[in-house]
Amino acid sequence: MKWSWRIARVAGIDVYLHATFLILLAWVGLSHYLARHSLGDAADGLLFISTLFGIVVLHELGHALAARRYGIRTRDITLLPIGGVARLERMPEDPRQELVVALAGPAVNVVLAILLLALLVPAAALRNFGDVQLVGGHFLSKLVWVNVALVVFNLIPAFPMDGGRVLRALLAMRMEYVRATEIAARIGQGLALVFGAVGLFWNPFLIFIALFVWMGAAGEAGMVQMKSALGGIPIRQVMITDYQTLSPQDPVSRAVEHIMAGFQQDFPVIAGGQVIGILTRADLMAELAQRGLSAPVEEVMQREFQTADPAEMAETVFARLQQCNCHSLPVVQAGQLVGILTAENVGEFLMIQSALSKTIQPKTATAGTPPPVWPR
Ligand code: ZN
């Protein structure tokens, strides 16, 4: 994630701090200092908020280490003002494994709460929930309630909360994965409506959570539908096969002509039958003002680029396309350019798939029966 700094490495996983988190820290420190002009208050507030996010890291590590048991690595954990995000390489598709991974985070908070209670209850030092404030109050007591709140909040059965994944996993043990996701997403959106309505009258913060949940549910359902529609389909069925190329000595004016005449934005540059570069529309526009129309393509093109193989699965290549921050990927077989893949044409493919699945029979995306593909 951009604007993040690495602050630690735990169990081989990098922990990042997002820049906006510093704004939260600054706000907590400053507002408490200004209230009573007390540095002690500011330090107290900062200590509490830092501990709270330390607990959030432990929660995320719970997910990460449970996923590791199933051979799934975690790219990193990032701390944002709204909480922590562990970027797992993928979610386990076996519902039982997903259930374990989803529950592992809240389980960490349950254990922490029990440990703290074991310390506090015998000494009769536990205060009630109402005493929880950023500054002041009994520190360990506050941490008990932080852990309880994290368990309750995360187990709300709605994406992107852990509870949404728990619900999906439980449903997926009884039905197909895509269907389970759809139902879990609907329940999440229903809850979002309730939060939103209650929030209007009671606590505006709930409206914020409602939005978050609504978008999370829609995102998760969309992603799973996309993965299922792209599953088992090789790139050669999705790629563009009608495109223009350039040679390194062509003037960039040729690319301008192609851009004006068609929809293509990026042009593979071919020399001796091999792709040696890509001229992107963005680079072209940036360089046009300085170099003019007669500059040769080879001076403006990118020489480092990713490619795809026509036999690769659409799902993996699409993930790469989203990560590489590029608009298109040349599809290369034995050194020869055979097609181009863009996000738009994956989108078109999905649109056609969904139209076909409505007209031809309900789609059953099980391993044996690939979803319908329009003729090519
Ligand atoms: Zn979690």
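**Figure 1. The second largest pocket of the predicted model**. This pocket has a volume of about 480 Å³. Its lining is made up of 23 residues, and I240, D242, F263, Q264 and T342 are the ones that lie nearest the centre. At least two lining residues come from each of helix 8 (252-261), strand 8 (336-342) and helix 12 (343-359). Helix 12 supplies the largest share of the lining, with three residues. By character, the lining residues divide into ten polar, eight nonpolar and five charged.

**Figure 2. The largest nonpolar core**. In soluble globular proteins, nonpolar side chains tend to be buried together. The core shown here has 24 residues, and L52, F53, L79 and V146 have the most contacts inside it. Two or more of the core residues are given by each of strand 2 (13-18), helix 1 (19-36), helix 2 (39-69), strand 3 (74-80), helix 3 (95-120) and helix 4 (139-154). Helix 2 gives the most to this core, namely nine residues.

**Figure 3. The surroundings of L79, and another core**. Leaving aside residues up to four places away in sequence, L79 touches Y16, L17, H18, F21, F53, V56, V57 and G84. Another core, of 16 residues, lies apart from the largest one. Its members include I235, A308, V317 and L329.

**Figure 4. The salt bridge between D76 and R87**. The whole structure holds nine salt bridges, and in one of them the side chains of D76 and R87 meet at 2.8 Å, N to O. D76 lies in strand 3 and R87 in strand 4 (residues 83-88), so the pair ties together parts that are eleven residues apart in sequence. D76 counts as buried because its relative accessibility is 8%, under the cut-off of 20%. R87, at 33% relative accessibility, counts as partly exposed.

**Figure 5. The salt bridge between R168 and E98**. The side chains of these two residues meet at 2.8 Å, N to O. R168 belongs to helix 5 (residues 162-172) and E98 to helix 3, so parts that are 70 residues apart in sequence are tied together by the pair. Both R168 and E98 are buried.

**Figure 6. The salt bridge between R254 and D250, and a salt-bridge network**. The closest N and O atoms of R254 and D250 are 3.6 Å apart. R254 is partly exposed, with a relative accessible area of 39%, whereas D250 is buried, with a value of 13%. Elsewhere, R6, R9 and D14 are joined into one network by salt bridges that share partners.

Technical notes:
Residues numbered from 1 in each chain as written. Predicted model: local features only at pLDDT ≥ 70, side-chain atom pairs only at ≥ 80, totals over all residues. Heavy atoms only, no water. Core = buried A, V, L, I, M, F, W, Y, C linked by side-chain atoms within 4.5 Å. Buried < 20%, exposed > 50% of the residue type's maximum accessible area, 1.4 Å probe, protein only. Helix = DSSP H or I, 4+ residues; strand = E, 2+ residues; numbered from the N terminus. Contact = heavy atoms within 4.5 Å. 1 Å grid on protein atoms, 1.4 Å probe; cavity = no way out; pocket = protein on both sides within 12 Å on 5 of 7 lines; lining within 4 Å. Points joined across faces, edges and corners; volume = space filled by probe spheres on them. Nonpolar A, V, L, I, M, F, W, Y, C, P; charged D, E, K, R; others polar. Salt bridge = Lys/Arg side-chain N within 4 Å of Asp/Glu carboxyl O.
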